[in-house]
Amino acid sequence: MSTGIWIAIIVAVAIIGVLFGYIYRKNVGERTIGSAEQQAKNLILDAEKKAETIKKELTLEAKEEAHAIRNEVDKEISNRRNEMQKAENRLIQKEETLDRKIEAAEKREENLARKEQSLNDKHAVLDQKTKEILTELERVSGMSVDEAKELLLANTEKEVRHETAVMIKEMETRAKEEAEKNAKEIITGAIQRCAADHVAESTVSVVELPNDDMKGRIIGREGRNIRAIETLTGVDLIIDDTPEAVIVSGFDPVRREIARLALEKLITDGRIHPARIEEMVNKADREVNNIIKEEGEQATFEVGIYNLHPELVKLLGRLKYRTSYGQNVLKHSIEVAQLAGLMASELGFDEKLAKRAGLLHDIGKALDHEQEGTHVDIGIEVLRKYKESEAVIDAMAAHHGDYEAKTAEAVLIAAADALSAARPGARRETLESYIKRLQSLEEIANTTEGVEKSYAIQAGREIRIIAKPEEVNDDEIVLLARDISKKIESELQYPGQIKVNVVRETRAIDYAK
């Protein structure tokens, strides 16, 4: 067979195969579609049945929940109604109680009104009886009501004064016993622990000369040398008949010391003329300034105060050449600082503050020759200028009572100052000022009502007062002593303390016949 026939046969077989395959796939597809449609219908029916079931279940649950909610609401409403009913019942009870109280208050008010009226009636009767009694008393006693009141008040005042005097006396006795014991222990201990030498100083210095011929050289031709010395130093040179001595007199101790040193240098050098005098005076001035600085530093070292302003240290050194009633002020300041520090330590106060204020308490005396005012006011100004603390300034200011003591340390400074001044031999007074102080002391006592006579004794440390027995009784002498003490404190300036001793004596004299 030829190739063309085989090709035709193959093509025919392929066409027939394709037709059979198409027919087969068509039949298979139709059967598959039919089965799928049936399954889909079955799924739809199942879904509808399940949806219906779920719908019924949800509806049932919703009905049950609504029923539960309705039950809760009904229960809540019932509870609210019960509470409102209870509140209404309580309110009704309160109203009833209030009504009863109002009724009771009205009854009490009526009773009070009746009682008030009754009291008014009784008062009227009592006033009438009182007037009758007072009239009868005035007739019997011969005194008016005002006179009787004055007599009663006078008697009452007398009794009160008597009781006050007795009470003050008892309290003072107890306080003095306790305070005196403690004070003696503290002061005695401080004095024993603080030893100090006292040498009275004067306002003149004596310069020894090798011979009397030196007096003429000091005077110079027509007195030019002595005039130069007095002009440059501001002191007076007294050249008299005293053998081999020249007296340097001056109120300013620093100037007096410069003149003394310059004069000693001139005597040692032997060349005495105005130019040499000026040179020696300048040299002595520098030496004194160095001494002042060293003395101030030594004082701070001795007391234990190391942080003072340099200018305050110099002012302290100047106190070496300053005296008060013959007492060296620098030594006095050191002693006051030590005494105040010892007492502060014993009493538990600020020891450093007490020492600092004690050392500086008389700092104003270094400048009181140059500035106006008391040494206390000058000291306040100086301490504020150099930034000292207010506690130190207050303690310094109060040591003479010019200002009120604000701290315990200030009181200790005043006590230490009086203690240092009262040491035997510490100070001396001129005869004139001493007699004047004694006369003033007796005058203060004699001018006090109830005093017959007074005597200043113990060098002015005690005043003995004789009271008039017909005017002052035994209890009132306590008040009299206190009044005189206050007058002395306010009117006199004195070192230490003054004892006021009031004596009252009543004598009864009769004769046997």
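Buried means under 20% relative accessible area, exposed means over 50%, and partly exposed lies in between (1.4 Å probe, protein chains only). The legends below describe a predicted model, in which local features need pLDDT of at least 70 and side-chain atom pairs count only at pLDDT 80 or more, while totals for chains, interfaces and linings use all residues. Residues are numbered from 1 along each chain as its sequence is written, and side-chain values use heavy atoms, with hydrogens and water left out.

**View 1. A nonpolar surface patch that includes Ile-5.**
Ile-5, Trp-6, Ile-9, Ile-10 and Val-13 form a nonpolar patch of about 480 Å² on the surface. Patches are made of residues with over 30% relative accessible area and no salt bridge; like charges are joined within 9 Å, and nonpolar side chains (Val, Leu, Ile, Met, Phe, Trp, Tyr) within 5 Å. Accessible areas come from the Shrake-Rupley method with a 1.4 Å probe, and for residues only the protein chains shown count as cover. Ile-5 belongs to helix H1 (residues 3-141). Helices (H or I, at least four residues) and strands (E, at least two) are DSSP runs, numbered from the N terminus. Ile-5 counts as partly exposed because its relative accessibility is 40%.

**View 2. The surroundings of Thr-300 in helix H6.**
Helix H6 covers residues 274-303 and contains Thr-300. Thr-300 is buried because its relative accessible area is 9%. Its side chain reaches the backbone oxygen of Glu-297 at 2.7 Å. With neighbours within four places in sequence left aside, Thr-300 is in contact (heavy atoms within 4.5 Å) with Ile-305, Tyr-306, Leu-308, Val-313, Leu-316 and Leu-359.

**View 3. Lys-314 in helix H7.**
Lys-314 lies in helix H7 (residues 310-318) and is partly exposed, with a relative accessible area of 37%. Lys-314 and Gly-296 are 18 residues apart in sequence, and their C-alpha atoms are 5.8 Å apart in space.

**View 4. The parallel strands S7 and S8.**
Strand S7 (residues 462-467) runs parallel to S8, and five bridges join them. Two strands pair if DSSP finds at least two bridges between them. Ile-463 stands opposite Val-500 in S8. Side chains alternate along S8 (residues 499-503): Val-500 and Val-502 point to one face and are buried, whereas Lys-499, Asn-501 and Val-503 point to the other and are not.

**View 5. Salt bridges.**
Side chains of opposite charge can pair when their charged atoms come close. A salt bridge is a side-chain nitrogen of Lys or Arg within 4 Å of a carboxyl oxygen of Asp or Glu, and the structure holds 16 salt bridges. One of them joins Lys-107 and Glu-103 (4.0 Å, N to O). These two residues are separated by about one helical turn because they are four residues apart in helix H1. Lys-107 is partly exposed at 49% relative accessible area, and Glu-103 is partly exposed at 44%.

Another salt bridge joins Arg-276 and Asp-269 (3.1 Å, N to O). Arg-276 is buried at 13% relative accessible area, whereas Asp-269 is partly exposed at 28%. Asp-269 and Arg-276 are also linked with Arg-271 and Glu-279 in a network of salt bridges.

The side chains of Glu-462 and Arg-464 likewise meet in a salt bridge (3.5 Å, N to O). Glu-462 is buried, at 9% relative accessibility, while Arg-464 is partly exposed, at 36%.

Conventions: Polar contact = N/O pair within 3.5 Å; in protein donor to acceptor, adjacent residues only side chain to side chain.
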